[in-house]
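Subject: Structure handover

Dear colleague,

I am passing on the structure we spoke about, together with its sequence. Please open it beside this message, so that each residue can be found as you read.

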Amino acid sequence: MPERNAFKGTSGLHRLKNALKYSMAGFRAAWLEEEAFRQILCVALISWICAVLLAQNWLELVMLILPSALCIIVELLNSSLENLADSITLEQHDFIKKAKDMGSAAQCAAQTFLCIVWITYLVMRLFHPDSLP
């Protein structure tokens with residue numbers, strides 16, 4: 001049986017406390033060091049306020065909030081991938097460029113999804129209000 005990883009956390013409530021502490025450190029680092037994260041978070045906050053004001057029921061609220069939450073998650077993963085790649089080397093490397101480009105493509109897809117959801121919701125709300133749930 002392999003030995004337990006000394007760097008692995010403990011279990012129970014202590015593990016949850018550590019996980020929360022590390023997550024908060026990740027959010028703080030993203031906020032302080034990643035301009036794209038700050039921009040996406042600000043857009044998300046604005047869209048959440050708009051969602052609260054526009055949504056007519058809980059389902060609409062969730063459906064309007066989810067795409068921006070997805071953008072935040074994707075940006076955190078993209079930034080972590082970029083930081084990991086930069087820690088390996090700052091020199092141009094085809095595989096690292098491809099990984100960074102794929103992370104950027106994931107964010108582009110998430111933002112496209114956000115725009116599609118909001119545009120279709122607003123069009124339906126303006127021109128076909130009785131077709132919404």
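Below is what was found, taken helix by helix and then through the core and the cysteines.

Please keep in mind throughout that this is a predicted model.

Helix α2 covers residues 35–54, and its 20 residues reach 28 Å from the first C-alpha to the last, which is close to the 28 Å expected at 1.5 Å a residue. Its buried residues are F37, I40, L41, A44, S47 and A51. When you look down the axis of α2, these buried residues fall within an arc of 130°, so they line one face of the helix. That buried side packs against α1 (12–33), α3 (58–88) and α4 (94–127), whereas the face of α2 turned away from it carries I46, I49 and L53, which are exposed.

Helix α4 has 34 residues, which at 1.5 Å a residue should span 50 Å, and the 48 Å between its end C-alpha atoms agrees with that. The buried residues of α4 are I96, G103, Q107, A110, L114, V117, W118 and Y121, and what covers them includes α2 and α3.

As background for the core, nonpolar side chains in soluble globular proteins tend to be buried together. Here the largest nonpolar core has 16 residues, of which F37, L64, C71, I72 and W118 touch the most other members. Helices α2, α3 and α4 each supply at least two residues of this core. I72 is a useful residue to select on your screen: leaving aside its neighbours within four places in sequence, I72 is in contact with F37, I40, L41, A44 and W48.

Finally, the cysteines: how many disulfides does a search of the whole structure find? The search finds 0. C71 is in no disulfide, and the nearest cysteine sulfur to its own, that of C115, is 8.0 Å away. Since a disulfide needs two cysteine sulfur atoms within 2.5 Å, the 8.0 Å between the sulfur of C115 and that of C71, its closest cysteine sulfur, is too far for a bond. The surroundings of these two residues can also be compared: C71 counts as buried, because its relative accessibility is 2%, while C115 is partly exposed, with a relative accessible area of 43%.

With best wishes

Notes
Residues numbered from 1 in each chain as written. Predicted model: local features only at pLDDT ≥ 70, side-chain atom pairs only at ≥ 80, totals over all residues. Heavy atoms only, no water. Buried < 20%, exposed > 50% of the residue type's maximum accessible area, 1.4 Å probe, protein only. Helix = DSSP H or I, 4+ residues; strand = E, 2+ residues; numbered from the N terminus. Expected span 1.5 Å × (residues − 1). Arc of directions from axis to C-beta. Contact = heavy atoms within 4.5 Å. Core = buried A, V, L, I, M, F, W, Y, C linked by side-chain atoms within 4.5 Å.
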